[in-house]
Amino acid sequence: MKHWITIAVRSLMGALFLFGSVAYFAQLVPEPELTGNMKVFNEGLKASQYLMPLAKAIELVAGIALLTGQFVPLAILLLSPIIVNVFFIHTFLDTTNFAVGLVLVIINSYLGYVHWDRFKEIFRRK
């Protein structure tokens with residue numbers, strides 16, 4: 001049973017990031033009107049000219065990896081800083097979507113736990 005839950009959770013997160021990256025590059029979804037600090041933050045991201053395309057390219061590759069089940073630990077590792085950033089954005093700048101960031105943290109933590117045998121060497125003291 002646990003195996004099917006892992007596949008479902010992994011596929012859900014992969015589909016979310018794949019759709020988000022494709023929608024960004026193909027401009028499928030109109031950009032929402034932002035206000036306040038969220039607007040300032042978003043303008044800063046745009047001003048860098050590389051950060052959003054880089055993050056979305058990582059999301060695209062990791063989303064495909066999660067959906068296909070190939071290189072899953074690497075995908076989890078690549079998405080971790082993006083998910084932490086999403087969580088903090090929705091914690092401090094856009095609290096209306098706080099649940100999105102929290103769910104992503106929970107899913108990524110679960111997948112990290114399932115694949116802990118691939119990560120434990122990183123945390124081992126020498």
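Reader: R124 and E121 form a salt bridge, so how far apart are their closest N and O atoms?
Author: This is a predicted model: local features need pLDDT of at least 70, side-chain atom pairs count only at pLDDT 80 or more, and totals for chains, interfaces and linings use all residues. Residues are numbered from 1 along each chain as its sequence is written, and side-chain values use heavy atoms, leaving out hydrogens and water. For R124 and E121, which form a salt bridge (a Lys or Arg side-chain nitrogen within 4 Å of an Asp or Glu carboxyl oxygen), the closest N and O atoms are 3.3 Å apart.

Reader: Which exposure class does E121 fall into?
Author: With a 1.4 Å probe and protein chains only, buried is under 20% relative accessible area, exposed is over 50%, and partly exposed is in between. Its partner R124 has 48%, so R124 is partly exposed. E121 has 47%, so E121 also counts as partly exposed.

Reader: How many salt bridges does the structure hold?
Author: You've just met R124 with E121. There's also K46 with E31, and K56 with E59. The count for the structure is three.

Reader: How many residues apart are K46 and E31?
Author: K46 and E31 pair up with 2.6 Å between their closest N and O atoms. This pair links distant parts of the chain, with K46 in helix α2 (helices are DSSP runs of H or I, at least four residues) and E31 in the loop between α1 and α2. Along the chain, their separation is 15 residues.

Reader: Is E31 buried or exposed?
Author: On the other side of the salt bridge, K46 has a relative accessible area of 47%, so K46 is partly exposed. E31 has 53%, and therefore E31 counts as exposed.

Reader: What separates K56 and E59 along helix α3?
Author: Their side chains meet in a salt bridge, 3.2 Å from N to O, and both residues are buried. Because they're three residues apart in helix α3, the separation is about one helical turn.

Reader: How much space lies in the largest pocket?
Author: On a 1 Å grid over the protein atoms alone, a pocket is an open set of points with protein on both sides within 12 Å along at least five of seven lines, and lining residues have an atom within 4 Å of a point. Its volume is the space filled by probe spheres set on the points, which are joined across faces, edges and corners. For the largest pocket, that comes to about 1,500 Å³.

Reader: Which helix gives the largest share of that pocket's lining?
Author: The lining has 39 residues, and Y24, N42, M52, K56 and E59 lie nearest the centre. Two or more lining residues come from each of α1 (2–26), α2 (36–48), α3 (51–68), α4 (72–92) and α5 (98–114). The buried, salt-bridged K56 and E59 are thus among the residues nearest the centre. With eight residues, the largest share comes from α3.

Reader: And which helix gives the largest share of the lining of the second largest pocket?
Author: About 230 Å³ of space lies in the second largest pocket. Of its 13 lining residues, the closest to the centre are I76, S80, N108, S109 and G112. At least two lining residues each come from α4, α5 and α6 (116–119). The largest share is five residues, and the helix supplying them is α4.

Definitions and conventions
1 Å grid on protein atoms, 1.4 Å probe; cavity = no way out; pocket = protein on both sides within 12 Å on 5 of 7 lines; lining within 4 Å.
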